[in-house]
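Biologist: I've got a model open and a handful of labels I'd like to challenge. Could you walk me through them?

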Amino acid sequence: MNPREDDPLKFAVAVKTEAELMRLPAPGEQDPVFGLKRSYLNLLILPCRENGFRPPVKSFVLRRTRARKGVRLIEIASLRAYIHAQMEAANNAPENPPAPA
């Protein structure tokens with residue numbers, strides 16, 4: 001059998017897609033996309049005092065029906081938007097902030 005040039009499986013494997021979600025890294029490890037540690041990601045995705053109980057980055061737990069544990073997945077687009085917003089804020093901040101009075 002000769003492989004067809006228009007084989008859809010061959011096309012699907014050749015097309016690279018960007019992941020939409022990433023798994024929260026294991027304790028002591030960094031995420032493979034941005035290099036952020038788990039503890040910092042937890043501050044961004046879980047409601048806590050540091051973020052005013054309103055997490056700036058979207059995440060959810062994927063679990064089976066009636067399961068107590070699951071996998072925490074982070075939306076990469078949301079994390080990327082948060083990082084870009086932080087970059088913009090840093091770029092727009094004055095270089096020499098006024099001295100406290």
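What follows is a chat about how the labels on this model were earned.

Modeller: One caution before we start: this is a predicted model, so local features need pLDDT of at least 70 and side-chain atom pairs count only at pLDDT 80 or more, while totals for chains, interfaces and linings use all residues. Residues are numbered from 1 along each chain as its sequence is written, and side-chain values use heavy atoms, with hydrogens and water left out.

Biologist: Fine. What makes something a helix or a strand here, and what pattern does the chain follow?

Modeller: Both are DSSP runs numbered from the N terminus: H or I over at least four residues for a helix, E over at least two for a strand. By that rule the chain has three helices and three strands, and along the sequence they read α-β-α-β-β-α.

Biologist: How do you know which strands pair?

Modeller: Two strands pair if DSSP finds at least two bridges between them. Three bridges join β1 to β3, so that pair qualifies, and the two run antiparallel. β2 and β3 have four bridges, also in the antiparallel sense, so they pair too.

Biologist: Which residues stand opposite Ile74 in β3?

Modeller: Met22 is opposite Ile74, and so is Ser59.

Biologist: Why is Asn51 called buried?

Modeller: Buried means under 20% relative accessible area, exposed means over 50%, and partly exposed is in between (1.4 Å probe, protein chains only). Asn51 has 16%, so it counts as buried. Asn51 sits in the loop between α2 and β2.

Biologist: And what does Asn51 touch, leaving aside its neighbours within four places in sequence?

Modeller: Contact means heavy atoms within 4.5 Å. With those neighbours set aside, Asn51 is in contact with Leu43, Leu46 and Pro56.

Biologist: What makes the link from Asn51 to the backbone nitrogen of Phe53 a polar contact?

Modeller: A polar contact is a pair of N or O atoms within 3.5 Å; within protein, one must be able to donate a hydrogen and the other to accept it, and residues adjacent in sequence count only if both atoms are side-chain atoms. The nitrogen of Phe53 is 3.0 Å from a polar atom of the Asn51 side chain, so the distance falls within the limit.

Biologist: Why does Phe53 get flagged for its phi?

Modeller: Most residues other than glycine have a negative phi. Phe53 has a positive phi of about 60° and is not a glycine. Phe53 is in the loop between α2 and β2, and at 56% relative accessible area it is exposed. Arg66, in the loop between β2 and β3, also has a positive phi, near 65°. Arg66 is exposed as well, with 83%.

Biologist: What about Pro55: buried, partly exposed or exposed?

Modeller: Partly exposed, because 33% falls in between the two cut-offs. Pro55 is in the loop between α2 and β2. Its C-alpha is 5.1 Å from that of Ile45, 10 residues away along the chain. Beyond its neighbours within four places, Pro55 is in contact with Leu44, Ile45, Leu46 and Pro47.

Biologist: How do you know that the buried residues of α2 are on the same side?

Modeller: In α2, residues 38-45, the buried ones are Leu41, Leu44 and Ile45. They cover an arc of only 85° around the axis, which puts them on the same side of α2; the arc is that of the directions from the helix axis to the C-beta atoms. It helps to remember that an α-helix has 3.6 residues a turn, so residues three or four places apart point the same way. Their cover includes β1 (21-23), β2 (59-62), β3 (71-75) and α3 (76-92).

Biologist: How do you know that the span of α3 agrees with what it should be?

Modeller: The expected span is 1.5 Å times one less than the number of residues. For the 17 residues of α3 that gives 24 Å, and the end C-alpha atoms are 24 Å apart, so the two agree.

Biologist: Which residues of α3 are buried, and what covers them?

Modeller: Ile76, Ser78, Leu79 and Tyr82 are buried, and their cover includes β1, α2 and β3. Ala81 is also in α3, but at 46% it is partly exposed.

Biologist: And how much of the whole chain is buried?

Modeller: Buried residues make up 17% of the 101 residues.
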